[in-house]
Amino acid sequence: MEALIQLGLFATLLGLGFFFGRRAEAKHYQSIFAREDELRQIVVSTDRFPPIEFMNHNAALVSGNVVISVDYFKRVSAGLRALVGGRIRSYETLLDRARREALLRMQEQARRTGAEAIINTKFETSRVSGNNNKGIGSIEVLAYGTALSPKAIPPKALETSAITL
């Protein structure tokens with residue numbers, strides 16, 4: 001009888017993890033899509049050197065960081081997949097959301113500085129252990145790069161150019 005109760009509890013937790021995890025993931029993706037559309041004007045590149053049109057811009061380091069937790073369903077499904085091998089799709093979506101969220105946070109910081117582009121973009125990913133280092137509890141992603149902002153024209157330069165014209 002106790003085994004049935006434990007099995008029922010496991011099935012309930014699995015079902016709740018699936019339902020609420022899917023719901024949270026869908027809401028997060030909606031937020032990501034909306035913010036990606038909003039920040040589309042900021043060019044993001046992995047190139048080490050700026051394109052010619054950005055050569056006279058100011059440069060500043062920008063970064064975005066996110067930690068996303070693994071839900072109960074993902075943990076169980078990954079454990080089952082580990083028994084037979086193959087791709088763990090539930091973790092792939094977790095990493096996709098984390099990368100995109102970190103990139104968006106970096107772009108938001110760049111926008112606050114007035115940047116038009118981010119070059120030399122890099123990602124760092126790390127695992128935040130759970131269950132006494134026996135599995136993934138959360139995933140952390142850091143995105144960083146060099147934001148390029150237009151140089152402000154000093155007021156004196158404007159006055160001088162007006163006189164010389």
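**Entry 1: burial, and a first residue**

I start with the cut-off I need: a residue is buried when its relative accessible area is under 20%. I am working on a predicted model, so everything below is computed from that model. Val141 has 0% relative accessibility, so I log Val141 as buried. Val141 sits in strand E4.

Next I listed what Val141 touches, skipping neighbours within four places in sequence. The contacts are Gly64, Asn65, Val66, Ala98, Arg99, Ala102, Phe123, Glu124 and Thr125. I also checked Phe123 by backbone: its C-alpha lies 6.9 Å from that of Val141, with the two positions 18 residues apart along the chain.

**Entry 2: the chain as a whole**

I stepped back to the overall layout. I find four helices and four strands, in the order α-β-β-α-α-β-β-α from the N terminus. The chain has 165 residues, and 29% of them count as buried.

How much of the contact list comes from residues 24 or more positions apart? Taking contacts with a separation of 6 or more, I get 79%.

**Entry 3: the largest nonpolar core**

The largest nonpolar core holds 21 residues. Those touching the most other members are Val62, Val66, Ile68, Leu94, Ala98, Ala110 and Ile118. I then asked which elements give two or more residues to this core. They are helix H1 (2-38), strand E2 (57-69), helix H3 (89-112) and strand E4 (135-150). H3 has the largest share, with seven residues.

I picked Val66 from that set for a closer look. Leaving out neighbours within four places, Val66 is in contact with Ala98, Glu101, Ala102, Arg105, Ile139, Glu140 and Val141. So Val141 from my first entry turns up again here, as a contact of Val66.

**Entry 4: Glu101**

Glu101 caught my eye in the Val66 list. Is Glu101 buried or exposed? Buried, because its relative accessibility is 5%. Glu101 belongs to helix H3.

What does the Glu101 side chain make a polar contact with? I find the side chain of Arg35, at 2.4 Å. Beyond four places in sequence, Glu101 is in contact with His28, Ile32, Arg35 and Val66.

**Entry 5: H1 against H3**

That sent me to the helix pair. The H1 and H3 axes come within 10 Å and cross at roughly 35°, and the crossing is left-handed. On the H1 side the meeting residues are Glu25, His28, Tyr29, Ile32, Phe33, Arg35, Glu36 and Glu38. From H3 I have Thr93, Asp96, Arg97, Arg100, Glu101, Leu104, Glu108 and Arg111.

**Entry 6: aromatic rings**

I searched for aromatic pairs and got two. Phe19 and Phe20 have ring centres 5.0 Å apart and planes at 75°, so I call that pair edge-to-face. The other pair, Tyr29 with Phe33, is stacked, with 5.7 Å centre to centre and 20° between the planes.

I looked up exposure for these rings too. Phe19 comes out partly exposed at 48%, and Phe20 is partly exposed at 43%. Tyr29 is buried at 15%, whereas Phe33 is partly exposed at 42%. Tyr29 and Phe33 are both in helix H1, four residues apart, which is about one turn of the helix. Both also appear among the H1 residues that meet H3.

**Entry 7: Ser149**

Back to strand E4, where I find Ser149. Ser149 is buried, because its relative accessibility is 12%. A polar atom of the Ser149 side chain lies 3.4 Å from the backbone oxygen of Thr113. With neighbours within four places set aside, the contacts of Ser149 are His57, Asn58, Thr113, Gly114 and Ala115.

**Entry 8: a backbone oddity**

Last lookup: phi angles. Most residues other than glycine have a negative phi. Which residue has a positive phi although it is not a glycine? I noted Asn120, with a phi of about 55°. Asn120 is in strand E3, residues 117-130, and is partly exposed with a relative accessible area of 22%.

Note on methods
Residues numbered from 1 in each chain as written. Predicted model: local features only at pLDDT ≥ 70, side-chain atom pairs only at ≥ 80, totals over all residues. Heavy atoms only, no water. Core = buried A, V, L, I, M, F, W, Y, C linked by side-chain atoms within 4.5 Å. Buried < 20%, exposed > 50% of the residue type's maximum accessible area, 1.4 Å probe, protein only. Contact = heavy atoms within 4.5 Å. Polar contact = N/O pair within 3.5 Å; in protein donor to acceptor, adjacent residues only side chain to side chain. Phe/Tyr/Trp six-rings, centres within 6.5 Å; stacked < 30°, edge-to-face > 60°. Axes fitted to C-alpha atoms, helices over the stretch in contact; angles between N-to-C directions. Left-handed = near helix turned anticlockwise from the far one by under 90°.
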